[in-house]
Amino acid sequence: MMHLIYLASPYSHSDGAVRRKRFQAACRVTARLIREGHNVFSPIVHSHPLTAHGMGGDWTTWQAIDHDWIRRCDEVVVLTLDGWMESVGVTGEIDFARSIGRTVRYIGVTQ
């Protein structure tokens, strides 16, 4: 069975250009991890397109769904984009992952 990674990364921002930039970075890292042989779920890669169809982009919209995915994953990998430490969602994902015993590690876009 393949190791399953949950890729946490910041998303919410008042500037749509910042949200798009964060989405693109999450896509690049998700693709890289998959090419390296990992099975990856990125809530940003999955949910960003859904915001155009009425889904909210904030933590309260996605918290229950993200917790369910974290439970299914073997580890949480945090993409350390600008704003990740201030992100309510990323902080919540890290706290929840640790509370259920998941490994949490950190990577940059270029790693």
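**Exercise 1. Work out how β1 and β2 pair, then place both strands in their sheet.**

*Solution.* Start with the pair itself: β1 and β2 run in the parallel sense and share three bridges. Strands here are DSSP runs of E with at least two residues, helices are runs of H or I with at least four, and both are numbered from the N terminus. Two strands count as paired if DSSP finds at least two bridges between them. Within this pair, Leu 4 sits opposite Asn 39 of β2.

A note on the model before going on: it is predicted, so local features need pLDDT of at least 70 and side-chain atom pairs count only at pLDDT 80 or more, while totals for chains, interfaces and linings use all residues. Residues are numbered from 1 along each chain as its sequence is written, and side-chain values use heavy atoms, with hydrogens and water left out.

Next, widen the view. The open sheet has four strands in the order β2-β1-β3-β4, with parallel pairing. Its edge strands, each pairing on one side only, are β2 (39-41) and β4 (103-107). On average, neighbouring strands are turned by 30 degrees against each other, direction ignored.

**Exercise 2. Follow the bridges from β1 through β3 to β4.**

*Solution.* First, β1 (residues 4-8) and β3 (residues 75-79) run parallel and are joined by four bridges. Leu 7 faces Val 77 of β3, and Ala 8 stands opposite Val 78. Then step across β3: five bridges link β3 to β4, again in parallel. Here Val 78 has Tyr 106 as its bridge partner in β4.

**Exercise 3. Which residues of β1 and β3 are buried on each face?**

*Solution.* Recall that in a regular strand the side chains alternate between the two faces of the sheet. Buried means under 20% relative accessible area, exposed over 50%, and partly exposed in between (1.4 Å probe, protein chains only). For β1, Leu 4, Tyr 6 and Ala 8 are buried on one side, and Ile 5 and Leu 7 on the other. For β3, Glu 75, Val 77 and Leu 79 are buried on one side, and Val 76 and Val 78 on the other.

Now add the helices. Helix α3 (residues 59-72) lies across β1, β2 and β3, at about 145 degrees to β1. Helix α4 (residues 88-99) packs on the sheet and touches β1, β3 and β4, making about 145 degrees with the direction of β4. Contact means heavy atoms within 4.5 Å. Axes are lines fitted to C-alpha atoms, for helices over the stretch in contact, and angles run from 0 to 180 degrees between N-to-C directions.

**Exercise 4. Is His 67 buried or exposed, and which residues does His 67 touch?**

*Solution.* Locate His 67 in helix α3. His 67 counts as buried because its relative accessible area is 14%. Leaving aside residues up to four places away in sequence, His 67 touches Trp 59, Gly 92 and Phe 96.

**Exercise 5. Describe Arg 28 by its helix, exposure and distance to Val 109.**

*Solution.* Arg 28 belongs to helix α1 (residues 16-35). With a relative accessible area of 48%, Arg 28 is partly exposed. Finally, compare sequence and space: Arg 28 and Val 109 are 81 residues apart along the chain, and their C-alpha atoms are separated by 7.9 Å.
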